[in-house]
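Let's take a walk through this protein together, from its packed inside to its charged pairs. Keep the 3D view open and click on each residue as it comes up.

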Amino acid sequence: MQKHTILWADDEIDLLKPHILLLEKKGYNIVPVKSGNDALDKVEEQDFDIVFLDENMPGMSGLEALAQIKQTHPNLPVVMITKSEEEHIMEEAIGAKIADYLVKPVNTPQIISSIKKILENKRIISEKTNQGYQQDFRNLAMAFNDNINHEEWADIYKKLIFWELEIENTQGQDMSEVLEMQKTEANNNFVRFVDNNYEDWLNDANAERPILSHQLLRKKVFPSLQNTTQNPETPVFFFLIDNLRFDQWKMIEPLILDYFTVEEESSYYSILPTTTAYARNAIFSGLMPADMAKNHSDLWIQEDDEEGKNLNEEAFLGRNLKKNKLENVKYSYHKIITQTQGKHLVDTLQNLYTNQFNAIVFNFVDMLSHARTDVNMIRELMPDDSAFRSLAKSWFQHSPLFDILKKLSEKKVKVFITTDHGTICVKRPFRIVGDKNVNTNLRYKQGKNLNFDDDNNVMVASKPERFGLPKPNISTSYVFATKDNFFAYPNNFNYYVNYYKDTFQHGGVSLEEMIIPFITLKPKN
């Protein structure tokens with residue numbers, strides 16, 4: 001074990017000799033001094049792992065010494081020891097970023113506990129995390145090899161995310177490769193589950209099914225609007241952060257918890273293809289894509305049309321409200337793509353409080369995933385899932401969305417946060433051949449006469465109507481990439497592989513793309 005050196009400053013240091021001897025027997029090197037000035041001199045002379053500082057010393061007080069130590073050694077952990085529990089002393093010490101606070105008379109177990117908490121915290125957490133995951137590994141493996149339902153799959157995915165985030169914060173990340181292998185195996189089994197059940201979810205009224213994109217507003221949000229018509233003083237705010245995965249939600253959740261209580265953390269399943277054009281339009285319209293194309297041809301944009309596929313969400317939402325007998329609900333719809341648009345919404349937020357329903361789409365996370373494909377600098381900043389999570393959190397922390405949520409936390413409102421689909425880092429190219437009209441998405445293809453190498457790496461919708469998808473031609477089919485595969489054409493195959501490997505894509509079948517968060521928040525204030 002590394003031998004840690006501890007500076008202990010106390011004007012009665014001689015009386016602490018028994019503690020010092022016991023600590024030295026434990027392997028710690030203790031340097032005792034009798035004043036704050038002596039402590040400052042020692043800190044300049046040699047390196048210490050931790051400082052124990054008595055608050056009430058003659059001459060320079062412990063608080064004065066603490067302030068000077070932090071000016072020159074801001075990262076040096078300091079434990080304040082005092083006879084007094086007066087609130088102002090504790091607040092001053094905490095404000096100066098002490099590592100711990102002990103009240104006299106102290107005993108050796110207290111001191112050792114404080115040292116371990118500060119100096120061995122990461123090692124202990126790493127050991128306990130690895131042990132915990134090893135114990136849960138077998139349970140998870142057995143679970144996703146059983147015949148389980150959509151709720152159990154969501155629970156498994158959340159557990160894998162929990163361990164991924166826990167292991168990410170450990171020293172050495174010893175179990176990260178094992179977890180990655182288990183995630184791969186889980187995705188293999190999840191793909192089989194979706195392949196076996198997806199058509200039944202859409203076509204069998206008696207099938208046990210998850211909430212899907214086109215059911216989300218009706219089942220999870222509109223009931224709150226029906227209450228709002230009776231109590232218009234509680235407006236509903238529905239935030240859709242495009243491409244927000246469950247792991248990214250868990251990264252921003254601690255920031256939100258300063259202002260809101262999470263009333264419900266649940267999930268729903270994105271429809272296929274797991275793309276904005278299909279899944280988000282399904283959310284706002286309350287319809288599957290085939291029904292949108294059939295019954296709202298003035299709003300539905302075909303795959304081969306050049307115009308944007310998500311320009312009519314507000315109109316879809318209005319018709320959806322009317323269909324659900326909520327035509328009298330006063331609502332607004334905003335799509336935020338730029339920082340300027342977001343800041344404008346922050347400044348005019350008071351105008352939305354008179355609406356019963358406000359739908360707000362933020363596009364940044366989706367833009368970030370696409371930028372990682374196209375911009376070399378973003379590729380360097382976001383080489384893997386961990387960095388993607390970190391950048392998403394950094395964006396949120398400094399975003400107009402967070403500013404809006406802070407303001408809403410001071411009001412009597414109902415807040416929902418969700419997304420339209422997730423994304424996955426693709427690793428393995430998969431050859432596919434189609435005509436010139438086939439769409440360009442790397443995770444799904446729509447077209448005629450699609451040919452590919454191996455059925456084991458794709459999910460095929462040869463009858464699009466069974467998938468609730470439009471069928472522009474009699475021979476149109478859809479093919480979805482599964483797990484971490486991505487489609488590449490035989491011509492320019494190497495270019496596609498080099499350019500798109502290890503990029504974040506969506507449209508196909510995976511845990512990351514399909515099982516997505518739905519969060520209900522209640523303001524703390």
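## What's inside

The largest nonpolar core is built from 108 residues, and those with the most contacts inside it are Trp153, Tyr198, Phe238, Phe239, Phe284, Val415 and Phe480. Helix H7, which covers residues 150-168, gives the most to this core: nine residues. Apart from it lies another core, this one of 21 residues, with Val31, Ala39, Val43 and Met60 among them. Keep in mind that you're looking at a predicted model.

Trp153 is a good place to zoom in. Which residues does Trp153 contact, leaving aside its neighbours within four places in sequence? The list reads Phe144, Ile148, Ala186, Asn189, Phe190, Phe193, Tyr269, Leu511 and Ile515.

## Opposite charges that pair up

Next come the salt bridges. The count comes to 29, and here are three examples, with the distance between the closest N and O atoms.

| Basic residue | Acidic residue | Closest N and O atoms |
|---|---|---|
| Lys42 | Glu45 | 3.7 Å |
| Lys117 | Asp100 | 3.2 Å |
| Arg389 | Glu164 | 3.6 Å |

Start with Lys42 and Glu45. Where do these two sit relative to each other in helix H2? Helix H2 spans residues 36-45, and because Lys42 and Glu45 are three residues apart in it, about one helical turn separates them. As for the surroundings, Lys42 is partly exposed, with a relative accessible area of 26%, while Glu45 is exposed, at 57%.

Asp100 and Lys117 tell another story, since this pair links distant parts of the chain. Asp100 belongs to strand S5 (residues 100-103) and Lys117 to helix H5 (residues 108-119), with their positions 17 residues apart in the numbering. Is Asp100 buried or exposed? Asp100 counts as buried because its relative accessibility is 14%, and the cut-off for buried is under 20%. Its partner Lys117 is partly exposed, with a relative accessible area of 46%.

The Arg389 and Glu164 pair also links distant parts of the chain: Arg389 sits in helix H17 (residues 385-397), Glu164 sits in helix H7, and the two are 225 residues apart. Both Arg389 and Glu164 are buried. They don't stand alone, either: a network of salt bridges links Glu164, Glu168, Lys183, Arg245, Asp247, Asp385 and Arg389.

## A little hollow

Now look for empty space. How many cavities of 30 Å³ or more does the structure hold? The answer is one, and about 50 Å³ of space lies in the largest cavity. Its lining is made of Tyr157, Leu160, Ile161, Glu164, Lys183, Arg245, Asp247, Asp385 and Glu512. You've met Glu164 already, as a member of the salt-bridge network. H7 supplies the largest share of the lining, four residues. By type, the lining residues divide into three nonpolar, no polar and six charged.

## One last stop: Tyr496

Finally, find Tyr496 in helix H19 (residues 493-500). Tyr496 and Pro429 are 67 residues apart in sequence, and their C-alpha atoms are 8.2 Å apart in space. Not counting residues up to four places away in sequence, Tyr496 touches Leu442, Phe486, Phe487, Ala488, Tyr489 and Lys501.

Terms used: Residues are numbered from 1 along each chain as its sequence is written. This is a predicted model: local features need pLDDT of at least 70, side-chain atom pairs count only at pLDDT 80 or more; totals for chains, interfaces and linings use all residues. Side-chain values use heavy atoms; hydrogens and water are left out. A nonpolar core is a set of buried Ala, Val, Leu, Ile, Met, Phe, Trp, Tyr and Cys residues joined through side-chain atoms within 4.5 Å. Buried means under 20% relative accessible area, exposed over 50%, partly exposed in between (1.4 Å probe, protein chains only). Contact means heavy atoms within 4.5 Å. A salt bridge is a side-chain nitrogen of Lys or Arg within 4 Å of a carboxyl oxygen of Asp or Glu. On a 1 Å grid over the protein atoms alone, a cavity is a set of points where a 1.4 Å probe fits but cannot get out, and a pocket is an open set with protein on both sides within 12 Å along at least five of seven lines; lining residues have an atom within 4 Å of a point. Grid points are joined across faces, edges and corners, and a volume is the space filled by probe spheres set on the points. Ala, Val, Leu, Ile, Met, Phe, Trp, Tyr, Cys and Pro count as nonpolar, Asp, Glu, Lys and Arg as charged, and the others, Gly among them, as polar.
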